[in-house]
Amino acid sequence: TFLYEKSLRTVEKMWSSMLARNCAIFPRLGLMSVPHRAAGLSPRLAAPVTTSVQEEQAKFWQKNAQKKRPMSPHLTIYKPQLPAMLSITHRGTGAAMATAVYWFSYGMLVVSPLLGWDFTFIINTIKGWELPWALIVSAKYVLAWPISYHAMNGVRHLTWDLGYGFNMKTLYKSGWFVFFGAFVIASLFVQL
């Protein structure tokens, strides 16, 4: 029994020190409902909570104002870099095209049958408006460029998945190629 009691005290000390070091995670896990003695944690080790998060934030901002520290300018001080801008544009074109496809599909599947419209009726109606040539070409370009860009950048991402093109020089070259190549391919689409 002596050996058992000694090992029990050793385990209790080990648990006590571990709980004291990691006490911040236990309330989230619901383990503080266990009495302190049963968990092996001494009540004197638990630090009392005296301030709220809002009070701490207020102290932080008051201290910074007193020391005349500038507020961080966040994105305004950074020079936009090509890879980041291309990534944002890739996500934006993907989201815009997905939204357009969903709304167009919704319109063709739900609204059109209710109104008795079909695709040819819609196209003929638009042709009947006799819009200026420049407006039609601009509208085609607005539709064609995101598709061209997203497709070309998608191929670029596939080459990355194969492990190619991570050199900074290659990264920038392929980025500019995708950006300007999308304009060329969009121009070809517009001619259709």
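## Exercises on a predicted helical model

The largest pocket has 24 lining residues, and I123, I126, A139, K140 and L143 lie nearest its centre. The model is predicted.

**Exercise 1. Describe the largest pocket: its volume, the helices that line it and the character of its lining.**

Step 1. Start with the space. The largest pocket holds about 800 Å³.

Step 2. Find the helices. α5 (82–115), α6 (119–128) and α7 (133–161) each give at least two residues to the lining.

Step 3. Sort the lining residues by type. Of these, 19 are nonpolar, two are polar and three are charged.

**Exercise 2. State which secondary structure elements the chain has, and in what pattern.**

Step 1. Count the elements. There are eight helices and zero strands.

Step 2. Read along the sequence. The pattern is α-α-α-α-α-α-α-α.

**Exercise 3. Work out what share of the chain is buried, how much area is exposed and how far apart in sequence contacting residues lie.**

Step 1. Take burial. The chain has 192 residues, and 15% of them are buried.

Step 2. Turn to the surface. The chain exposes about 15700 Å². Carbon and sulfur atoms supply 69% of that area.

Step 3. Look at the contacts. Take those between residues at least 6 apart in sequence: 72% of them join residues at least 24 apart.

**Exercise 4. List the residues of the largest nonpolar core and trace the helices behind it.**

Step 1. List the members. The ten residues are L82, L86, A144, W145, Y149, M152, V178, A182, A186 and V190.

Step 2. Assign helices. α5, α7 and α8 (168–191) each supply at least two residues of this core.

Step 3. Pick one member, A144. Leaving out residues up to four places away in sequence, A144 touches A186, F189 and V190. Of these partners, A186 and V190 are listed in the core too.

**Exercise 5. Locate E130, give its phi and decide: buried or exposed?**

Step 1. Place the residue. E130 sits in the loop between α6 and α7.

Step 2. Check the backbone. E130 is not a glycine, yet its phi is positive, about 50°.

Step 3. Apply the cut-off. Exposed means over 50% relative accessible area. E130 has 71% relative accessibility, so E130 counts as exposed.

Conventions: Residues are numbered from 1 along each chain as its sequence is written. This is a predicted model: local features need pLDDT of at least 70, side-chain atom pairs count only at pLDDT 80 or more; totals for chains, interfaces and linings use all residues. Side-chain values use heavy atoms; hydrogens and water are left out. On a 1 Å grid over the protein atoms alone, a cavity is a set of points where a 1.4 Å probe fits but cannot get out, and a pocket is an open set with protein on both sides within 12 Å along at least five of seven lines; lining residues have an atom within 4 Å of a point. Grid points are joined across faces, edges and corners, and a volume is the space filled by probe spheres set on the points. Helices (H or I, at least four residues) and strands (E, at least two) are DSSP runs, numbered from the N terminus. Ala, Val, Leu, Ile, Met, Phe, Trp, Tyr, Cys and Pro count as nonpolar, Asp, Glu, Lys and Arg as charged, and the others, Gly among them, as polar. Buried means under 20% relative accessible area, exposed over 50%, partly exposed in between (1.4 Å probe, protein chains only). Contact means heavy atoms within 4.5 Å. Accessible areas come from the Shrake-Rupley method with a 1.4 Å probe; for residues, only the protein chains shown count as cover. A nonpolar core is a set of buried Ala, Val, Leu, Ile, Met, Phe, Trp, Tyr and Cys residues joined through side-chain atoms within 4.5 Å.
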